[in-house]
Amino acid sequence: MSISPPYIISWNITRRCGLKCPHCYMDSFAMAGGAETSSTQALAIVDEIAEFSPGTILILTGGEPLLRPDIFTIIRAATEKGLTVFLGTSGAELDEVTVQRLKKTGTLGVGVSLDSATPLYHDRFRGLKGDWAKTIKGMELLKKAGLEFQIHFTVTEENKNELGPMIELSLDSGAKALNIFFTVCTGRAAREDKEDTTLSHGSYEAILGEIAERAGPLEERLKLRARCAPQFMRHLEAIDAESPLLMGGTCGCIAGSSYMRITPLGEITPCPYIPAKEGASHIGRGGVTLQEIWQKDTAFKTLREEVLTGRCGLCSYRDICGGCRAKALAEGQDIGAEDPSCEYEAVETEFSESTEAPQWTAEAEARLDKVPRFLRGMVTKGIERYAKHMGIAEITPELMAKLKHKTGRR
């Protein structure tokens with residue numbers, strides 16, 4: 001089957017930011033204006049994304065994207081080209097005028113960072129007193145304007161017991177989702193005290209288990225997900241092997257297969273937590289296109305081939321989890337090495353490299369061809385991952401219909 005374009009493209013459109021978060025993978029700072037593409041270059045990137053992956057989800061983030069003077073011009077250009085635009089923000093820059101401009105330029109939703117249900121820890125973690133109150137006010141404005149939003153919560157040892165209060169705050173605020181982010185130690189997080197930004201192994205597993213237990217019952221009211229922690233899928237399966245969340249295409253690691261990132265300077269990496277190294281693929285440099293990078297860049301090809309080693313290579317959960325590739329890199333290993341954050345002890349007999357991938361019937365492939373092109377990779381990955389893990393050798397239209405019904409997709 002051909003390589004489908006990414007389902008999600010995350011674009012760190014600027015490094016400008018007024019906060020000083022210790023976990024920042026971008027190492028953002030206040031006066032970073034020169035370390036980004038020009039408006040002309042940014043609009044050219046929008047054009048190329050739209051041509052390469054029509055309708056794809058484009059997440060504009062930073063730094064703080066609302067500090068970029070041309071942000072609304074970029075959003076309007078992207079939505080007029082048919083892209084599905086979301087904005088990732090700290091929330092502190094949201095006021096009534098900004099929220100209305102986001103709506104008018106076609107922004108579909110907003111991701112807001114909030115790291116505690118009360119101000120003290122959040123303000124200290126984000127490095128700015130009063131930020132919590134501004135963020136809460138920003139969410140109130142989004143709700144009032146009818147602009148959907150979700151909350152992004154970075155979990156650490158210090159706030160690990162706040163999952164319950166954060167769920168209640170999310171429900172009360174009208175958020176559509178609560179995403180629990182697990183820090184990858186890149187950028188500033190690689191230099192800061194890891195006790196401020198990460199979790200012990202025991203806490204990591206315990207919190208994933210708690211998220212998995214709460215996610216199903218909450219699904220109709222609040223989508224609860226673990227991010228940058230694909231071991232979430234193992235915990236979900238332990239609770240319910242038929243969970244609809246296991247059948248989605250975005251809960252495990254999707255870097256390089258359904259997801260890519262653009263840096264403020266136009267460099268391309270498989271995910272935001274995989275840094276752009278010297279000589280990294282760059283849009284437009286040497287005439288190279290986004291499609292060529294996606295199809296031919298070594299990192300992307302390696303991730304799609306799923307060449308995993310160590311415990312991840314042996315693990316029976318590799319098809320629904322696969323570990324976090326960025327965490328392996330952050331610890332000085334190669335991109336296919338085992339995820340150092342995982343405590344699960346895989347044994348050599350659990351997984352065989354000779355295990356055959358499920359085969360698609362001609363009728364199933366014809367049905368897949370009707371899925372919008374930018375969604376096809378995500379749908380393919382989700383179905384194949386589920387079928388392989390459940391020992392299903394053949395993907396049929398009947399299986400596709402079953403999974404579509406279980407996941408509630410239209």
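Two strands count as paired here if DSSP finds at least two bridges between them. Strands (E, at least two residues) and helices (H or I, at least four) are DSSP runs, numbered from the N terminus. With that in hand, here are some notes to help you find your way around.

1. **What you are looking at.** This is a predicted model, in which local features need pLDDT of at least 70 and side-chain atom pairs count only at pLDDT 80 or more, while totals for chains, interfaces and linings use all residues. Residues are numbered from 1 along each chain as its sequence is written, and side-chain values use heavy atoms, with hydrogens and water left out.

2. **The sheet.** A good place to start is the open sheet, formed by nine strands in the order β7-β6-β5-β4-β3-β2-β1-β8-β9, with mixed pairing. At its edges stand β7 (223-227) and β9 (268-269); each has a single partner strand, so one side of each is left without a neighbour in the sheet. β9 runs antiparallel to β8, and two bridges join them. In that pairing, R261 stands opposite T269 of β9.

3. **Strand β1 and its neighbours.** β1 covers residues 8-12. On one side, β1 pairs with β2 (residues 57-61) in the parallel sense over five bridges; with β8 (residues 259-262), the pairing is also parallel, over four bridges. Residue I8 is a handy marker: its bridge partner in β2 is I57, and in β8 it stands opposite Y259.

4. **Is β1 buried or exposed?** Five of its five residues are buried, where buried means under 20% relative accessible area, exposed means over 50% and partly exposed lies in between (1.4 Å probe, protein chains only). Both faces are covered, with I8, S10 and N12 on one side and I9 and W11 on the other.

5. **Aromatic pairs.** A search of the whole structure finds six aromatic pairs. The rings of Phe, Tyr and Trp (its six-membered ring) pair if their centres lie within 6.5 Å; planes under 30 degrees apart are stacked, over 60 edge-to-face, and the rest tilted. Y121 and F125 make a stacked pair, because their ring centres are 5.4 Å apart and their planes are at 20 degrees. The two residues are four apart in helix α4 (residues 119-126), which separates them by about one helical turn. Y121 is buried at 8% relative accessible area, and F125 is buried too, at 4%.

6. **A ring cluster with a charge.** F52, W294 and F300 are linked into a cluster by ring pairs. Have a look at W294 in particular: the charged end of R304 sits over its ring, 5.1 Å from the centre. The rule for this asks that NZ of Lys or CZ of Arg be within 6 Å of the ring centre and within 35 degrees of the ring normal.

7. **Cysteines.** How many disulfides are there? The count is zero, taking a disulfide as a pair of cysteine sulfur atoms within 2.5 Å. For C228, the closest cysteine sulfur is that of C324, at 6.0 Å, which is too far for a bond. C228 is partly exposed, at 21% relative accessibility. C312 is in no disulfide either, as the nearest cysteine sulfur, in C321, is 6.4 Å away; C312 is buried, at 10%.

8. **A cavity.** On a 1 Å grid over the protein atoms alone, a cavity is a set of points where a 1.4 Å probe fits but cannot get out, and a pocket is an open set with protein on both sides within 12 Å along at least five of seven lines; lining residues have an atom within 4 Å of a point. One cavity of 30 Å³ or more turns up in the whole structure. The largest cavity has a volume of about 120 Å³. C312 appears again here: of the 15 lining residues, R311, C312, C315, C321 and C342 lie nearest the centre of the largest cavity.

9. **A pocket.** The second largest pocket has a volume of about 1,000 Å³, a volume being the space filled by probe spheres set on grid points, which are joined across faces, edges and corners. Its lining has 37 residues, with S257, R304, E306, K381 and E384 nearest its centre. Helices α10 (298-305), α13 (362-368) and α14 (373-389) each supply at least two lining residues, and α14 gives the largest share, seven.
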